[in-house]
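Reader: Please present the chain for inspection, together with the criteria on which its description rests.

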Amino acid sequence: MSIVSERTPLVNTDTNVRRTMASQVDWKSVASILIFLTVMFESAAYYSFAGNLVSSLMGNLKWDLGSATMTLLVSAGVMYSFGLLTGWISDAFLGRFKVIAAGFITYIIGYIYFVCVIFIPCSSGFLCINSSNGSPDCVISVYIAVVLISLGAGTVETNIIAFGADMVS
């Protein structure tokens, strides 16, 4: 064993030393940290969406407080209801990885669609209905986006913890 001093090089070029260092990595700890970070960032994404949903509906789409709050409640209901269903589907039929991947894809599609609904002016065309004052009201589009996001969130939150436990054990 060599003595470490100021003259010892910091980067060792000996391949045997690099192999022993790579074999000492505790991959279960790395997997646990990555799963924890995934859960943390996914929860932050959904709850920041839920926190900003009412203000974006009231500000950009000029909804009243009751309608915007009802949309938030529908989002929470769909998330927790479909979480139970997708947990059963992953255990009984498809497997956790496929269901989590489908949940993340649904999540991303929902977010992209929601941003398009909020920031692109709605015309009286596709998925928009005219309200009593004649202005277009994209209720159907907003609810489609909210259901997609909630379905993805429920799917991921239900299955990712069990998937992580399977990977670590």
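The exchange below treats the fold, the core, the aromatic rings, the surface and the salt bridge in turn.

Reader: On what basis are the values given?
Author: This is a predicted model, in which local features need pLDDT of at least 70 and side-chain atom pairs count only at pLDDT 80 or more, while totals for chains, interfaces and linings use all residues. Residues are numbered from 1 along each chain as its sequence is written, and side-chain values use heavy atoms, with hydrogens and water left out.

Reader: In what order do the elements of the chain run from the N terminus on?
Author: Helices (H or I, at least four residues) and strands (E, at least two) are DSSP runs, numbered from the N terminus. The chain has five helices and two strands. From the N terminus on, their order is α-α-α-α-β-β-α.

Reader: Among contacts in the chain between residues at least 6 apart in sequence, what percentage join residues at least 24 apart?
Author: A contact requires heavy atoms within 4.5 Å. Counting pairs at least 6 apart in sequence, the share that joins residues at least 24 apart is 73%.

Reader: What percentage of the residues of the chain count as buried?
Author: Buried means under 20% relative accessible area, exposed over 50%, and partly exposed in between, with a 1.4 Å probe and protein chains only. The chain has 169 residues, and the buried portion of them is 26%.

Reader: Which helix supplies the largest share of the largest nonpolar core?
Author: A nonpolar core is a set of buried Ala, Val, Leu, Ile, Met, Phe, Trp, Tyr and Cys residues joined through side-chain atoms within 4.5 Å. The largest one has 22 residues, and Tyr46, Phe49, Leu57 and Phe114 have the most contacts inside it. At least two residues of this core come from each of helix 2 (27-59), helix 3, helix 4 (96-119) and helix 5. The largest share, seven residues, is supplied by helix 5.

Reader: What is the angle between the planes of Phe49 and Tyr111?
Author: Rings of Phe, Tyr and Trp (its six-membered ring) pair if their centres lie within 6.5 Å; planes under 30 degrees apart count as stacked, over 60 as edge-to-face and the rest as tilted. The structure holds nine aromatic pairs. Phe49 and Tyr111 form one that is edge-to-face, with 5.8 Å from centre to centre and an angle between the planes of 85°.

Reader: Why does the pair of Phe49 and Phe114 count as edge-to-face?
Author: Phe49 is buried at a relative accessible area of 5%. Phe49 in helix 2 and Phe114 in helix 4 are 65 residues apart, so that the pair links distant parts of the chain, and both residues are buried. The ring centres of Phe49 and Phe114 are 5.3 Å apart, and the pair is edge-to-face because the planes stand at 85°.

Reader: Which residues does Ile160 touch, not counting residues up to four places away in sequence?
Author: Ile160 lies in helix 5 and is buried at 7% relative accessibility. Its C-alpha atom is separated by 8.5 Å from that of Phe97, 63 residues apart along the chain. Leaving out residues up to four places away in sequence, Ile160 touches Ile35, Thr38, Val39, Ile100 and Phe104.

Reader: Is Asn159 buried or exposed?
Author: Asn159 lies in helix 5. Beyond four places away in sequence, its contacts are Thr86, Gly87, Ser90, Arg96, Val99 and Ile100. With a relative accessible area of 2%, Asn159 is buried.

Reader: How far apart are the closest N and O atoms of Arg96 and Asp91?
Author: A salt bridge is a side-chain nitrogen of Lys or Arg within 4 Å of a carboxyl oxygen of Asp or Glu. The structure holds one salt bridge. Arg96 is partly exposed at 22%, whereas Asp91 is exposed at 55%. The closest N and O atoms of Arg96 and Asp91 are apart by 3.1 Å.

Reader: What accessible area do Phe82, Leu85, Trp88, Phe93 and Leu94 have together?Author: Accessible areas come from the Shrake-Rupley method with a 1.4 Å probe, and for residues only the protein chains shown count as cover. Patches are made of residues with over 30% relative accessible area and no salt bridge, like charges being joined within 9 Å and nonpolar side chains (Val, Leu, Ile, Met, Phe, Trp, Tyr) within 5 Å. Phe82, in helix 3 (residues 65-94), is partly exposed at 33%. The nonpolar surface patch of Phe82, Leu85, Trp88, Phe93 and Leu94 has a joint accessible area of about 540 Å².
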